[in-house]
Amino acid sequence: MSAEGFVSLSRPDAGFNLVFLKTGLETFKPIHMRGHRADGLLVAFVVDDIDREYARL
């Protein structure tokens, strides 16, 4: 999967996706986060049942 400034690589047997984002994309860099240590870092978890995972964690 790809789009302007975005590429997602995955393998069915790996259990995760590796995503590359172009530096400075406004879509993934909210103004209120600029200057913070995690500036430009996006971590996303996709689960089947968010309530079950919340309880598990």
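This briefing describes the fold, confidence, strand pairing, surface and salt bridges of one protein chain.

The structure is a predicted model, and the mean pLDDT of the protein chain is 74, with 60% of its residues reaching 70 or more. The chain has one helix and three strands, and, read from the N terminus, these elements follow the order β-β-β-α. Of the 57 residues in the chain, 11% are buried.

**Overall picture and confidence**

- The accessible surface of the protein chain amounts to about 5600 Å², and carbon and sulfur atoms account for 58% of that area.
- When contacts between residues at least 6 apart in sequence are considered, 0% of them join residues that are at least 24 apart.
- Confidence varies along the chain: among its elements, strand β1, which covers residues 2-3, has the lowest mean pLDDT, at 64, whereas α1 has the highest, at 93.

**The β2-β3 hairpin**

- Strand β2 (6-10) and strand β3 (17-21) run antiparallel and are joined by five bridges.
- The two strands form a hairpin with six residues between them, and within that turn Gly-15 has a positive phi of about 80 degrees.
- Two of the pairings can be followed residue by residue across the hairpin, since Leu-9 has Leu-18 as its bridge partner in β3, while Val-7 stands opposite Phe-20 in β3.
- Leu-18, which lies in strand β3, is in contact with Val-7, Ser-8 and Leu-9 once its neighbours within four places in sequence are left aside.
- Although Leu-18 and Val-7 are eleven residues apart in sequence, their C-alpha atoms are 8.3 Å apart in space.

**A nonpolar patch on the surface**

- Val-7, Leu-9, Phe-16, Leu-18 and Phe-20 together make a nonpolar surface patch of about 470 Å².
- Both strands of the hairpin contribute to this patch, as β2 and β3 each supply at least two of its residues.
- In a regular strand the side chains alternate between the two faces of the sheet.
- Leu-18 has a relative accessible area of 42% and is therefore partly exposed, a class that spans the values between the 20% limit for buried and the 50% limit for exposed residues.
- Phe-20, also found in strand β3, has a relative accessibility of 46%, so this residue counts as partly exposed.

**Salt bridges**

- A search of the whole structure finds two salt bridges, and the residues that form them are described in the points below.
- One of them links Asp-13 with Arg-11, whose closest N and O atoms are 2.7 Å apart.
- Asp-13 is exposed because its relative accessible area is 57%, and Arg-11, at 54% relative accessibility, likewise counts as exposed.
- Another salt bridge joins Glu-53 to Arg-56, with the closest N and O atoms 2.9 Å apart.
- Glu-53 and Arg-56 both belong to helix α1, which covers residues 50-56, and they are three residues apart, or about one turn of the helix.
- The partners in this helical pair fall on opposite sides of the exposure classes: Glu-53 counts as buried because its relative accessibility is 19%, which is under the 20% limit, whereas Arg-56 is exposed, with a relative accessible area of 59%.

**The loop before the helix**

- Ala-44 lies in the loop that runs between β3 and α1.
- Ala-44 has a relative accessible area of 63%, so this residue is exposed.
- Ala-44 and Asn-17 are 27 residues apart in sequence, and the distance between them in space is 10.0 Å from C-alpha to C-alpha.

Key
Residues are numbered from 1 along each chain as its sequence is written. Side-chain values use heavy atoms; hydrogens and water are left out. Helices (H or I, at least four residues) and strands (E, at least two) are DSSP runs, numbered from the N terminus. Buried means under 20% relative accessible area, exposed over 50%, partly exposed in between (1.4 Å probe, protein chains only). Contact means heavy atoms within 4.5 Å. Accessible areas come from the Shrake-Rupley method with a 1.4 Å probe; for residues, only the protein chains shown count as cover. A salt bridge is a side-chain nitrogen of Lys or Arg within 4 Å of a carboxyl oxygen of Asp or Glu. Patches are made of residues with over 30% relative accessible area and no salt bridge: like charges are joined within 9 Å, nonpolar side chains (Val, Leu, Ile, Met, Phe, Trp, Tyr) within 5 Å. Two strands pair if DSSP finds at least two bridges between them. pLDDT is the predictor's confidence in each residue, from 0 to 100.
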